Amino acid sequence: MPGLTIGDTVPNLELDSTHGKIRIHDYVGNGYVILFSHPGDFTPVCTTELAAMANHAKEFEKRGVKLLGISCDDVQSHKEWTKDIEAYKPGSKVTYPIMADPDRSAIKQLNMVDPDEKDSEGVQLPSRTLHIVGPDKKVKLSFLYPACTGRNMDEVVRAVDSLLTAAKHKVATPANWKPGECVVIQPGVSDDEAKKLFPQGFETADLPSKKGYLRFTKV
């Protein structure tokens with residue numbers, strides 16, 4: 001199985017979906033896409049996850065980020081299942097496409113196979129994998145969860161905010177960071193360069209090593 005991970009180019013697959021044929025690179029275009037898999041339609045955790053994703057869709061849209069789901073069930077199954085998802089979370093509409101992969105070939109190329117979960121015929125199912133794909137069609141961030149653990153959509157939003165902030169300002173975000181809080185200046189940026197990039201100033205943490213590497217600023 002290919003080890004698709006951070007920095008890798010996402011395969012330019014063309015698959016059927018609830019919105020018709022989709023070629024992944026065309027769908028990404030010049031923006032960001034959250035590409036996520038789920039083990040199966042009409043399953044409990046997946047239903048709550050896709051409802052949560054639908055509930056957060058406007059937050060992602062505000063950030064210019066599109067959603068793209070994939071599962072091993074067929075398009076008709078996806079469409080029928082969508083009714084359950086929307087009924088479970090009234091007011092949340094599944095406006096994003098869900099791609100079909102009935103022969104499991106796409107999930108193998110996308111590194112979305114769960115080694116433990118299998119269907120009634122013993123065929124491996126998709127894992128709960130989520131790739132955030134950038135305009136260059138490369139994976140910027142990945143989450144990988146087992147079938148028993150549902151994803152935290154607030155953390156996905158936070159991760160998107162971190163990626164977008166880092167890409168725009170030459171910074172990184174510290175542990176538990178939220179938008180509006182201080183960011184850290186990357187080690188490759190000298191103090192002189194930092195003064196030009198961040199005229200608002202920055203604060204260097206006073207640590208025993210005196211290496212001056214932990215610098216905080218606002219953007």
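**Exercise 1. A loop residue**

In which loop is Asn-176 found, and is Asn-176 buried or exposed?

*Solution.* This is a predicted model. Step one: place the residue. Asn-176 sits in the loop between E10 and E11. Step two: check its backbone. The phi of Asn-176 is near 65 degrees, a positive value in a residue other than glycine. Most residues other than glycine have a negative phi. Step three: check its surface. The relative accessible area of Asn-176 is 65%. Exposed means over 50%, so Asn-176 is exposed.

**Exercise 2. A second positive phi**

Find the loop that holds Lys-137, then decide: is Lys-137 buried or exposed?

*Solution.* Start with the position. Lys-137 lies in the loop between E8 and E9. Next, the backbone. Lys-137 is not a glycine, yet it has a positive phi of about 70 degrees. Last, the accessibility. Buried means under 20% relative accessible area. Lys-137 has 16%, so it counts as buried.

**Exercise 3. The sheet of four strands**

In what order do the 4 strands E10, E11, E12 and E13 form their open sheet, and which strands stand at the edges?

*Solution.* Write down the order: E10-E11-E13-E12. The pairing is antiparallel. Now look at the ends. Strand E10 (171-172) and strand E12 (203-204) are at the edges. Each has a single partner strand, so one side of each lacks a neighbour in the sheet. Then zoom in on one pair. E10 and strand E11 (residues 183-185) pair over 2 bridges. Ala-172 stands opposite Val-184 in E11.

**Exercise 4. The sheet of five strands**

Describe the open sheet made by E5, E4, E3, E8 and E9. Which helices lie across its strands?

*Solution.* First, the order: E5-E4-E3-E8-E9, with mixed pairing. Second, the edges. Strand E5 (98-100) and E9 each have a single partner strand, so one side of each is left without a neighbour in the sheet. Third, the twist. It averages 20 degrees from one strand to the next. Fourth, one pair. E4 and E5 run parallel and are joined by 3 bridges. The bridge partner of Ser-71 is Ala-100 in E5. Fifth, the helices. H4 lies across E4 and E5, at about 150 degrees to E5. H6 lies across E3, E4, E8 and E9, at about 160 degrees to E9.

**Exercise 5. The largest core**

How many residues has the largest nonpolar core, and which have the most contacts inside it?

*Solution.* Count first: the core has 27 residues. Ile-34, Met-53, Phe-60 and Tyr-96 have the most contacts inside it. Next, find the sources. Elements giving two or more residues include strand E3 (32-37), helix H2 (44-55) and helix H6 (153-169). H6 gives the most, with 6 residues. Now follow one side chain. Leaving out residues up to four places away in sequence, Phe-60 touches Ile-34, Met-53, Val-65, Leu-67, Val-156, Val-157 and Val-160. A second, separate core of 20 residues includes Leu-15, Ile-24, Met-99 and Leu-110.

**Exercise 6. Helix H6 from end to end**

How far does H6 reach from its first C-alpha to its last, and which residue follows H6?

*Solution.* Begin at the start. A side-chain oxygen of Asn-152 comes to within 3.0 Å of the backbone nitrogen of Asp-154. Then take the length. H6 has 17 residues and reaches 24 Å, close to the 24 Å expected at 1.5 Å a residue. Check burial along the helix. Among the buried residues are Met-153, Val-156, Asp-161 and Thr-165. Finish at the end. Lys-170 follows H6, with a positive phi near 60 degrees.

Conventions: Residues numbered from 1 in each chain as written. Predicted model: local features only at pLDDT ≥ 70, side-chain atom pairs only at ≥ 80, totals over all residues. Heavy atoms only, no water. Pairing = 2+ DSSP bridges. Core = buried A, V, L, I, M, F, W, Y, C linked by side-chain atoms within 4.5 Å. Buried < 20%, exposed > 50% of the residue type's maximum accessible area, 1.4 Å probe, protein only. Contact = heavy atoms within 4.5 Å. Expected span 1.5 Å × (residues − 1). Polar contact = N/O pair within 3.5 Å; in protein donor to acceptor, adjacent residues only side chain to side chain. Axes fitted to C-alpha atoms, helices over the stretch in contact; angles between N-to-C directions.
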